[in-house]
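Colleague: I would like to go through this model with you, one question at a time. Please show it before we begin.

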Amino acid sequence: MVTFLEKSFGVKHTHPDFRFRSFLFSALLIISSGFAFFSYYNLVVAFYVPMLISNVIGLIFCMLGGYYLLVKKRPQVAAVILQTIVTVDSFILILIDGNEEFALAFAFLTPVLGIFLLGYRFGAVLSAINFVCVLYFCSSQMDTWEPAPFLPINLIHFSAIYFLILMVSVFYDSSRRKAYSMMEEANGQLQELATMDALTKLRNRRYLEDQLLSSKNNLFVAMIDVDDFKKVNDLFGHEEGDKVLIELAQQLKNNVGPNDIVGRWGGEEFVIIFSESDLTKLQKSLTKLNRNIAAHDFNVGRKITVSIGLSDHQASKHRDCLRQMDQALYEAKADGKNQFCVAISPI
Ligand SMILES: Nc1nc2c(ncn2[C@@H]2O[C@H](COP(=O)(O)OP(=O)(O)OP(=O)(O)O)[C@@H](O)[C@H]2O)c(=O)[nH]1
């Protein structure tokens with residue numbers, strides 16, 4: 001059943017909208033069954049044209065709501081249609097049945113349903129309009145309604161209950177939405193923290209690997225390793241070493257394009273995922289990167305340089321590509337450091 005609904009709605013059951021869409025679907029199904037039944041009843045059992053027309057129109061609107069929900073995947077439009085059906089139908093019932101039986105009770109559906117479906121702002125406006133209309137109708141029909149007249153005290157009771165329901169619904173819905181948005185915000189922050197390197201504030205290895213594994217394109221990826229970083233720590237202390245890493249993170253970001261992703265792989269190793277696919281252009285960028293880093297003043301009593309291994313990357317050969325990138329980095333180090341080396345996988 002859940003799989004069927006997921007397919008029909010076009011969203012997974014974990015999607016925040018799934019319950020809302022399920023509610024719309026069930027409500028449209030139940031109401032349209034009611035319309036279908038009463039269309040049949042008013043056509044075959046007790047022929048009555050006004051109710052027959054209103055039921056057929058209701059049925060058409062339900063189908064329209066279903067179309068927007070299931071085909072167009074626009075639940076908000078379906079919600080407006082459902083709300084319109086309920087509000088208009090409650091009016092028709094009052095107009096036809098007066099205060100007989102349950103007709104007036106249907107007016108109470110609008111504040112509860114309207115706020116749930118349209119949100120507390122639009123829902124409250126609609127409820128207020130609905131209230132004025134019902135009030136006008138009740139007042140204009142006072143004393144004449146059968147079987148019991150609608151007395152002023154009934155009006156007071158009706159207004160009190162209506163606004164109580166409206167206020168409870170507004171409070172409930174605004175709290176629900178607020179709690180949901182706070183949870184979304186907290187989730188976003190957690191997600192951000194889980195994918196961020198605490199020292200440099202760059203993306204961490206988990207994020208970088210997720211990006212690489214989920215990419216459908218062939219990419220170029222570079223591994224950057226600080227040369228002789230142990231000496232920096234040994235000569236100036238670990239704290240100064242940390243400052244160099246933070247400054248280097250900034251320099252790497254300054255030297256890549258806006259769509260490239262810079263992250264810290266771990267220790268004194270960084271990774272850049274390039275959006276550029278032209279190798280010649282990338283080689284020029286890496287030459288410039290090596291030059292700019294070497295020329296930058298890191299405020300420690302020593303020049304800082306980096307070695308870089310560049311490799312192409314395909315998600316299906318992730319581990320092999322990382323190995324190849326490491327090998328290119330190793331060659332850059334072995335060749336004298338402060339340079340890059342390129343490794344391209346055989347086609
Ligand atoms: N300050 C600081 N040092 C770190 C951090 N992570 C790793 N290191 C240090 O980075 C150094 C890496 O040293 P090695 O792997 O020997 O490499 P290297 O001295 O850079 O030499 P080459 O890679 O051959 O150029 C070690 O001394 C680690 O302690 C960190 O977060 N902060």
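Modeller: This is a predicted model. A starting point is glycine 266, which lies in strand β2, residues 261-266.

Colleague: Is glycine 266 buried or partly exposed?

Modeller: Buried would require a relative accessible area under 20%, and exposed one over 50%. The relative accessibility of glycine 266 is 30%, so this residue counts as partly exposed.

Colleague: How far apart in space are glycine 266 and arginine 205?

Modeller: Glycine 266 belongs to strand β2. Arginine 205 is 61 residues from glycine 266 in sequence, and their C-alpha to C-alpha distance is 7.1 Å.

Colleague: Which elements give two or more residues to the shell around the ligand, and which one gives the largest share?

Modeller: The shell consists of 16 residues, and the closest are Asp228, Phe229, Asp242, Arg264 and Lys333. Backbone contact is made by valine 226, with an N or O atom 3.1 Å from an oxygen atom of the ligand. Two or more shell residues come from each of β1 (219-226), α9 (229-236) and α10 (238-254). The largest share is four residues, and it comes from α10.

Colleague: How many residues of the shell around the ligand are charged?

Modeller: The shell has 16 residues in total. Three of the shell residues are nonpolar and four are polar, while the number of charged ones is nine.

Colleague: How much of the ligand's area does the protein bury?

Modeller: Polar atoms of the protein come up to the ligand: a polar side-chain atom of aspartate 225 lies 3.3 Å from a ligand oxygen atom, and a backbone N or O atom of aspartate 228 lies 2.8 Å from a ligand oxygen atom. Taken alone, the ligand exposes 660 Å², and the share of that buried by the protein is 65%.

Colleague: Where does aspartate 228 lie, and what is its phi?

Modeller: Aspartate 228 is among the closest residues to the ligand and is partly exposed, at a relative accessible area of 29%. Its place is the loop between β1 and α9. The residue is not a glycine, yet its phi is positive, near 50°.

Colleague: Which loop holds asparagine 338, a residue that has a positive phi although it is not a glycine?

Modeller: The phi of asparagine 338 is about 50°. Its relative accessible area is 31%, so asparagine 338 is partly exposed. The loop that holds it runs between α12 (318-334) and β5 (340-343).

Colleague: Which helices does the aromatic pair of phenylalanine 23 and phenylalanine 116 link?

Modeller: This pair belongs to a set of 12 aromatic pairs found in the whole structure. The two ring centres are 4.9 Å apart and the planes meet at 85°; over 60 degrees counts as edge-to-face, so that is the class of this pair. Their positions in the chain are 93 residues apart, and the helices are α2 (residues 18-45) and α5 (residues 109-118).

Colleague: Are phenylalanine 23 and phenylalanine 116 buried or partly exposed?

Modeller: The range between 20% and 50% relative accessible area is the one called partly exposed. Phenylalanine 23 has 31% and phenylalanine 116 has 26%, so both are partly exposed.

Colleague: What follows α5, and what is the sign of its phi?

Modeller: Within α5, the buried residues include Leu113, Gly114 and Ile115. After the helix comes glycine 119, with a phi near 90°, which is positive.

Colleague: Which side chain makes a polar contact with the side chain of aspartate 173?

Modeller: Aspartate 173 lies in helix α7, residues 152-194, and is buried, with a relative accessible area of 1%. A polar atom of its side chain lies 3.5 Å from the backbone nitrogen of tyrosine 120. The side-chain contact, at 2.5 Å, is with arginine 177.

Colleague: How far apart in space are arginine 176 and phenylalanine 116?

Modeller: Arginine 176 is in helix α7 and is partly exposed, with a relative accessible area of 33%. Arginine 176 and phenylalanine 116 are separated by 60 residues in sequence, and C-alpha to C-alpha the distance is 10.0 Å.

Colleague: Which residue lies over the face of tyrosine 207?

Modeller: A charge counts as sitting over a ring only within 6 Å of the ring centre. The distance here is 4.2 Å, and the residue is arginine 203.

Terms used:
Residues are numbered from 1 along each chain as its sequence is written. This is a predicted model: local features need pLDDT of at least 70, side-chain atom pairs count only at pLDDT 80 or more; totals for chains, interfaces and linings use all residues. Side-chain values use heavy atoms; hydrogens and water are left out. Rings of Phe, Tyr and Trp (its six-membered ring) pair if their centres lie within 6.5 Å; planes under 30 degrees apart count as stacked, over 60 as edge-to-face and the rest as tilted. Buried means under 20% relative accessible area, exposed over 50%, partly exposed in between (1.4 Å probe, protein chains only). A charge sits over a ring if NZ of Lys or CZ of Arg is within 6 Å of the ring centre and within 35 degrees of the ring normal. A residue is near a molecule or strand if one of its heavy atoms lies within 4 Å of it. A polar contact is a pair of N or O atoms within 3.5 Å; within protein, one must be able to donate a hydrogen and the other to accept it, and residues adjacent in sequence count only if both atoms are side-chain atoms. Accessible areas come from the Shrake-Rupley method with a 1.4 Å probe; for residues, only the protein chains shown count as cover. Ala, Val, Leu, Ile, Met, Phe, Trp, Tyr, Cys and Pro count as nonpolar, Asp, Glu, Lys and Arg as charged, and the others, Gly among them, as polar.
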